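Please look at the sequence and the structure shown here, with attention to the aromatic side chains and their surroundings.

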Amino acid sequence: MDYGTFQGILTIIVMVTFVGIFFWAYSKHSKSKFDEAANLVFADDEKTTRSQDSGEQK
């Protein structure tokens, strides 16, 4: 196996991996998990706001 064949096989492996990750990231099954993870920042902010409003100390 020469260097050119190795590069071709490696290119195909990387391309298949990229397409797999792309379909995994945009699948309907993963959407709910990603939406939940995206809102975690706001959930932490709500806790901080509540504790400041009620006069509690951290």
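The paragraphs below go from the ring pairs to the surface around them.

This is a predicted model, in which local features need pLDDT of at least 70 and side-chain atom pairs count only at pLDDT 80 or more, while totals for chains, interfaces and linings use all residues. Residues are numbered from 1 along each chain as its sequence is written, and side-chain values use heavy atoms, with hydrogens and water left out.

A starting point is Phe-22, which is placed in helix 1, spanning residues 3-25 (helices are DSSP runs of H or I with at least four residues, numbered from the N terminus). The structure holds three aromatic pairs, where rings of Phe, Tyr and Trp (its six-membered ring) pair if their centres lie within 6.5 Å, and planes under 30 degrees apart count as stacked, over 60 as edge-to-face and the rest as tilted. Phe-22 and Phe-23 make an edge-to-face pair, at 5.8 Å centre to centre with 80° between the planes. Phe-22 also pairs with Tyr-26 in a tilted arrangement, at 5.0 Å centre to centre with 45° between the planes. Ring pairs thus join Phe-22, Phe-23 and Tyr-26 into a cluster.

How accessible are these rings' residues? Buried means under 20% relative accessible area, exposed over 50% and partly exposed in between, with a 1.4 Å probe and protein chains only. Phe-22 is partly exposed because its relative accessible area is 40%, whereas Phe-23, at 55%, counts as exposed, and Tyr-26, at 66%, counts as exposed.

Notes: Helices (H or I, at least four residues) and strands (E, at least two) are DSSP runs, numbered from the N terminus.
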